[in-house]
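Good morning, colleagues. Please take a moment to look at the sequence and the model before we go through them together.

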Amino acid sequence: MGEELIQHLRSRATELLLREEWNESVQAYSHFISLCQHHISHTHQRPDLDHLLKLQKSLCLALSNRAEARSRLRDLANALQDCDGALEIEGTHFKTLLCKGKILLSLNRYSLALDCFKAALLDPQPGLKCEALNGFLERCKQLEHQSRTGVFDLSDWVVNGFRGKFPELAEYIGPVEIRKSEIRGRGLFATKNVDAGTSVLATKAIATERCILPDQNEELADNIQLVMWKNFIDKVVESASKCKRLHHLLSVLSNGEDEDVLEVPDVNLFRAETEEESALSMGKPDMDKILSTLDVNSLVEDAASAKVLGKNSDYYGVGLWILHAFINHSCSPNARRLHVGDHVIVL
């Protein structure tokens, strides 16, 4: 009966995964994984090497598939745990290495992602997967170079009249630090002289919301903005509820109170490659605090100090770029924001 149930659960979970029913797939794989782990523990008591290897292979694939489903749900921390569990069983499992690499790439952890893709290349029979894998490798190398140098080549996109997809950009933190402002609160300051036109910061928004506002109907425009704001808040809350690191980063932003006694965070806290989620705690998001934090720190794309490139220039947009929120207002500004898709580059 146990073997029949395992086979049934595996078939059901696989079917749900292929149908892209991610939540149901996660539930089915979780049931299968628990049952599989139970059988493995009992097999250790009554050794049957062939049966044990078969169960471990099934467990490895199930963890890999659950990681894929969780990654589609943006439950990336648990997806990475599943990848690590699968790789403990089979360190060269191609599908898991590819999945983990893609997750790390989406988290802007380019060096670690590159390591996964390089390890996947060692698979003895990748077959037709080579082309896709080489594509990920090239993307990783380009983004890793951008993240180290802050050099972003937008020339082809500009020459083509900003048509097509937005260029893929890395996150970059240049020669900047957070420190107390001589006037009030905290601010982001350059640590050395920077030539005009040099990028000093580039990050992707935690969340954005955009729409086209009517010119002639102010009341309708106000109502649309209210809906936008609600959607924007929902996106931030959903992201924060799934990611310890983001939850923590939101907590270091000002909510408009006690500016002069706020802790000054190290800028390295905002570097994705230094992420250590296991050391962070996460409670339930405090809605009042999130609302006040977003009210103080959200940026409107259509601003005097900003330039929006591409199709987004036709929209009214609002977003949250966490490190950019530390940049103080100046009546004599020495930097500008360049918006490219959901990224903002500070020049």
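I shall speak about a helix, a sheet, the salt bridges and a pocket, in that order.

Please keep in mind throughout that this is a predicted model.

Let us begin with helix 3, which covers residues 49-72 and has 24 residues. From its first C-alpha to its last, helix 3 reaches 35 Å, close to the 34 Å expected at 1.5 Å a residue. Just after this helix, R74 takes a positive phi of about 65°.

I turn now to the sheet. Strands of a sheet pair through backbone hydrogen bonds, either parallel or antiparallel. Here, an open sheet of five strands has the order 1-4-10-9-7, and its pairing is mixed. The edges are formed by strand 1 (172-173) and strand 7 (306-309), each of which pairs on one side only. Strand 1 and strand 4 (residues 201-204) run antiparallel and are joined by two bridges. Within strand 4, A202 is the bridge partner of Y172.

Next, the salt bridges. The count comes to 16, and I have chosen three of them.

In one, D82 and R66 have their closest N and O atoms 2.8 Å apart. This pair links distant parts of the chain, with D82 in helix 4 (residues 76-89) and R66 in helix 3, 16 residues apart. Are these two partners buried or exposed? D82 counts as buried, because its relative accessibility is 4%, and R66 is likewise buried, with a relative accessible area of 11%.

In another, R148 forms a salt bridge with E144, the closest N and O atoms being 2.9 Å apart. The two are four residues apart in helix 7 (residues 129-149), so about one helical turn separates them. R148 is exposed, at 53% relative accessible area, whereas E144 counts as buried, at 18%. Elsewhere, R12, E15, R19 and E21 are joined into one network by salt bridges that share partners.

Within that network, E15 forms a salt bridge with R12, with 3.8 Å between the closest N and O atoms. E15 is partly exposed, at 37% relative accessibility, and R12 is partly exposed as well, at 36%.

Finally, I come to the second largest pocket, whose volume is about 1,300 Å³. Its lining consists of 43 residues, and L188, I327, N328, H329 and N334 lie nearest its centre. Strand 3 gives the largest share of the lining, five residues. By class, 19 of the lining residues are nonpolar, 15 are polar and nine are charged.

Thank you for your attention.

Technical notes. Residues numbered from 1 in each chain as written. Predicted model: local features only at pLDDT ≥ 70, side-chain atom pairs only at ≥ 80, totals over all residues. Heavy atoms only, no water. Expected span 1.5 Å × (residues − 1). 1 Å grid on protein atoms, 1.4 Å probe; cavity = no way out; pocket = protein on both sides within 12 Å on 5 of 7 lines; lining within 4 Å. Points joined across faces, edges and corners; volume = space filled by probe spheres on them. Nonpolar A, V, L, I, M, F, W, Y, C, P; charged D, E, K, R; others polar. Pairing = 2+ DSSP bridges. Salt bridge = Lys/Arg side-chain N within 4 Å of Asp/Glu carboxyl O. Buried < 20%, exposed > 50% of the residue type's maximum accessible area, 1.4 Å probe, protein only.
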